[in-house]
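Me: Please take a close look at one residue in this chain and tell me how it sits. Then place it against the rest of the fold.

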Amino acid sequence: MKTVLTIGLTDLRLFLKNKSAYVWLFVVPMGFVYFLGFANRGPGNAYNRTPPVRIENADTNFLGRSLLEELSAQEMWVLDPTNTETASSWIRIPPELTENTRRLKPTKLKFQQQESGEADVALIEVRLVRALISLNGHLLEAAGTRGTLESLSEMDLHDIMSRTNPVSLKARFAGRKPIPAGYNFSLPGNLVMYLMMNLLIFGGATMAAERRNGVIKRLMVHPVRQYEIVTGKIFGLMLLGVIQIVFFLAVGRFLFQVNLGANLPAVTVVLLLFAWVAGSLGVLVGSVLTAEDRVTGICVLVSLLLAALGGCWWPLEIGPPVLKTIALCTPTGWALRALHQVISFGSGWGAVVEPILVLTGFGIFANFLAAKFFRS
């Protein structure tokens with residue numbers, strides 16, 4: 001055990017002496033977390049989406065403004081007029097809204113669907129109907145109090161709207177599996193991708209270099225068993241992975257506001273198991289290949305392929321079923337499945353038991369292959 005610890009800690013110290021490694025361990029991954037999280041940010045909370053909508057208020061009187069207040073109260077995401085190309089729908093408030101209402105004449109709003117998903121358009125329509133019902137309720141209350149709406153003023157209507165509602169309705173999405181979005185998606189995805197990439201590259205290149213320089217042969221001269229060398233190398237890579245994991249989780253929690261909360265122990269266990277799998281694969285690659293430059297190129301390609309198939313680049317929830325099946329054949333897919341369960345879906349330990357068992361199986365198999373193909 002002492003030999004394993006010595007080899008692992010020595011490798012970690014040598015890894016950290018390479019200053020260029022910090023760029024790939026911390027700087028580049030955080031840049032991808034930010035840009036992908038910003039690009040994939042969802043419209044509002046994942047459990048309570050607020051699709052963007054463009055509203056044209058042609059009513060210069062107070063009732064148009066009051067309707068806008070009701071729409072805001074319904075958590076409608078109203079876009080600025082100069083930035084409306086991403087709107088899911090378009091709502092137009094007619095210029096005669098206030099005058100027609102005072103005269104008890106019906107008035108129609110124009111609701112037009114843009115090129116967007118049916119679900120987002122339906123949400124906007126529901127919130128629009130709720131806002132209209134609420135505004136009509138206030139007008140009915142004003143008519144019951146005053147007997148007429150002809151002399152209704154903005155102050156009178158605001159006085160009624162500001163009163164506490166005796167009955168309120170709170171509506172949210174049903175279900176436990178929204179599509180991961182924003183930093184809740186980009187942080188786990190990039191952590192899994194770069195953890196795999198860095199441990200493959202550092203493990204493979206180091207093994208190839210030490211075999212070429214005769215370091216492993218000199219180790220074999222000492223009373224050190226082969227499995228101790230393999231385990232020590234994997235342990236050193238796991239320690240390097242732990243440093244990257246701690247950095248990612250700390251930045252994600254305090255900078256990007258990713259909600260780990262009570263799920264942090266489950267997240268930690270999943271990531272440690274994944275680091276074990278990636279470290280074992282790194283030692284395996286370094287044992288099979290000899291040229292360091294070839295090792296780096298192959299490790300980058302393999303890690304990018306596993307990241308794409310595992311769902312690190314886009315949510316698997318929006319892909320066809322075949323992609324979900326392929327993802328379950330990769331360790332990246334199982335790691336992301338577990339991380340999204342506890343980070344995006346708010347699940348507990350029960351949801352990550354299966355991924356933990358599968359990752360353990362991947363780790364044992366990769367460990368076995370690394371020991372079998374190890375050579376000095």
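Is Val302 buried, partly exposed or exposed, and why?

Reply: Val302 has a relative accessible area of 36%. Buried would need under 20%, and exposed over 50%, so Val302 counts as partly exposed. This is a predicted model. Val302 belongs to helix H11, which spans residues 292-310. Leu200 is 102 residues away from Val302 along the chain. In space, their C-alpha atoms are separated by 8.9 Å.

Set Phe274 beside it. Phe274 sits in helix H10, residues 264-288. Its relative accessibility is 0%, so Phe274 is buried. What does Phe274 touch, leaving aside residues up to four places away in sequence? The list is Val192, Leu195, Met196, Pro331, Thr332, Ala335 and Leu359. Met238 is 36 residues from Phe274 in sequence. The C-alpha to C-alpha distance between Phe274 and Met238 is 9.2 Å.

Now the chain as a whole. It has 376 residues, and 45% of them are buried. Take the contacts with a separation of 6 or more: 80% of these join residues 24 or more positions apart. The accessible surface comes to about 19300 Å². Carbon and sulfur atoms hold 63% of that surface.

One surface feature is a nonpolar patch. Met1, Leu5 and Leu9 form it, and together they offer about 320 Å² of accessible area. Leu9 is part of helix H1, residues 2-17.

On to secondary structure. The chain contains 14 helices and six strands. Strand S3 covers residues 52-57 and runs parallel to strand S4, residues 77-78. Two bridges join S3 and S4. Pro52 stands opposite Trp77 of S4. Between S3 and S4 the chain passes through helix H3, residues 62-73. This β-α-β crossover is right-handed.

S3 also pairs with strand S5, residues 89-93. That pairing is parallel too, with five bridges. Within it, Ile55 has Ile91 in S5 as its bridge partner.

Back to the starting point. Val302 in H11 is partly exposed at 36%, whereas Phe274 in H10 is buried at 0%.

Conventions
Residues numbered from 1 in each chain as written. Predicted model: local features only at pLDDT ≥ 70, side-chain atom pairs only at ≥ 80, totals over all residues. Heavy atoms only, no water. Pairing = 2+ DSSP bridges. Helix = DSSP H or I, 4+ residues; strand = E, 2+ residues; numbered from the N terminus. Right-handed = clockwise from strand over helix to strand, strands pointing away. Buried < 20%, exposed > 50% of the residue type's maximum accessible area, 1.4 Å probe, protein only. Contact = heavy atoms within 4.5 Å. Areas by Shrake-Rupley, 256 points an atom, 1.4 Å probe, with all protein chains shown as cover. Patch = residues over 30% accessible without salt bridge, like charges linked within 9 Å, V, L, I, M, F, W, Y side chains within 5 Å. Salt bridge = Lys/Arg side-chain N within 4 Å of Asp/Glu carboxyl O.
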